[in-house]
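Please open the structure in your viewer and keep the selection panel at hand. The stops below are meant to be followed in order.

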Amino acid sequence: MDFIELAKEKKFIGQEFLTWLWLTSEINSSLINLGNGQVAQVWFEERLVLDSGSGDLLESLSLTGRNMGLAEARTGLRAGKKVALARLRLVREDHETILTMKAETLEISGLKLPKGIDPIDDEGGPATLLERVSLLEECIEVLDQLFARFLEIRLSHEWVDTELPTFKKWLKRK
Amino acid sequence: MGLLKGAISLTRYKIMDSAKSFDAEEMAEKLKQNAFMDIEAIPEEKSVGWVEVNNMLSTEFDPTSFWFGQVMSWNLRIDKRSISASMLNKYLTMAEAEYVGRSGEVLKADEKKNMKAKVKQDLLRRVPVTTKTIEVCWLKNKNEIWLAGNSAKDQEIFEEKWSNTFHIGLVMKIPYLLAEDLLSGTSDPMALGNLKSSAFFGQGA
């Protein structure tokens, strides 16, 4: 299977990851257990796109603004849609990062690094670059940990035995 | 905007041949060989090449400009002149009318082709160049490349320039490949490959 076919066939992994992250964050008051005693806080805000199908059969639901229509998003989920793109706020150890993530490729855009840390006396120079790369590495590490946690659950019996029933119950209740 | 300042867009790539590495001098040589060529004074449509991360006008690539311990960084510079089809048609029509008025003859097909090429060259000399720079970051300890952008066009241009420069395969870290890396050695290798899409609600798991 070539790269493009693989990306198409397995694009659901990214969509399920963001959908899992959104539901887990809603159910657990934004707290996500990363394993090893670490916790991250994740909020979905300002922009959420859900879709289902592909090509001519693609159906998309786009929600924007501070008070996104979460009721509509839940209706979309009930109709079989999954998160295709989301604006996230991540907090770990007092570092807050805001970013948009596309489910199909996990590409990141509009990422704002933690406030108040932007340096220093060499704007645009190597120290600025290295500090920002280091902050970005921390953020990527959290995202990778979240993704790894999702995979751990997704590939275990926990997915069918605990996770999906919890989501279904929550969706019915709302 | 990007790794140095402002909001960041990011595409992550995995280096396929992790054993291949270059020392500072080899890197400098490769970057220089594929450095950006200025088209400000010549009628070219496009130029793509590497420039220093802190200075888009410099292609010296002294190792201190790109080699920062475990991180290497430089910029991809893309210069373009855009001539729309309607602009080209307008000036071609004007040139044809001028020729017919002067000679009283209609242009033959090959003459029209030559005139079109000449008009385009003239326009290229007059249209200003637009410049875009995108940061590239090589994280040696992670075997990963970051491109501070995620438009499909920029990714394609970057991937081609990377390949011509380093002759090392790169693959975008799409979810499946990232999952393979994260699960490496910790999970049944077949489990991920056999994974099927799961419904969250309604149609059962």
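How many salt bridges does the rule find across the interface of chain B and chain A? The rule finds two. To see one of them, select K142(B) and E137(A), which form a salt bridge in this predicted model. The closest N and O atoms of K142(B) and E137(A) are 2.9 Å apart.

**The interface as a whole**

Next, colour the two chains separately and display the residues at their interface. On one side, 46 residues of chain B are in contact with 50 residues of chain A. About 4,300 Å² of area is buried between the two chains, and carbon and sulfur atoms give 70% of this area. Across the same boundary there are also 18 residue pairs in polar contact, in which both residues have a pLDDT of 80 or more.

**The side of chain B that touches chain A**

Now select the following elements of chain B in turn: β1 (8-15), β4 (71-80), β5 (130-139), β7 (170-172), α6 (175-183) and α7 (189-193). Each of these elements gives two or more residues to the side that touches chain A. Pause at α6(B), which gives the most, with seven residues. If this side of chain B is coloured by residue class, 27 nonpolar, 14 polar and five charged residues appear.

**A strand pair across the chains**

Select β1(B) again, together with strand β6 (residues 108-112) of chain A. In which sense do these two strands pair? They pair in the antiparallel sense, over two bridges. One position to examine is I108(A), whose bridge partner in β1(B) is L10(B).

**A hairpin in chain A**

Move to chain A and select strand β2 (residues 38-52) and strand β3 (residues 59-65). These strands run antiparallel and are joined by seven bridges. Within the pair, L50(A) stands opposite L61(A) in β3(A). The two strands form a hairpin with six residues between them. In the turn, select G53(A), which has a positive phi of about 75 degrees.

**Confidence**

Finally, colour chain B by pLDDT. Its mean is 90, and 96% of its residues reach 70 or more. Where in chain B is confidence lowest, and where is it highest? The lowest value is found in α7(B), at a mean of 79, and the highest in strand β2 (residues 46-51) of chain B, at 97. Where pLDDT is low, the predicted coordinates should not be read in detail. For the model, the scores are ipTM 0.87 and pTM 0.87.

Conventions: Residues numbered from 1 in each chain as written. Chains lettered and ligands numbered in written order. Predicted model: local features only at pLDDT ≥ 70, side-chain atom pairs only at ≥ 80, totals over all residues. Heavy atoms only, no water. Contact = heavy atoms within 4.5 Å. Buried area = accessible area lost by both parts, 1.4 Å probe. Salt bridge = Lys/Arg side-chain N within 4 Å of Asp/Glu carboxyl O. Polar contact = N/O pair within 3.5 Å; in protein donor to acceptor, adjacent residues only side chain to side chain. Helix = DSSP H or I, 4+ residues; strand = E, 2+ residues; numbered from the N terminus. Nonpolar A, V, L, I, M, F, W, Y, C, P; charged D, E, K, R; others polar. Pairing = 2+ DSSP bridges. pLDDT = per-residue confidence, 0-100.
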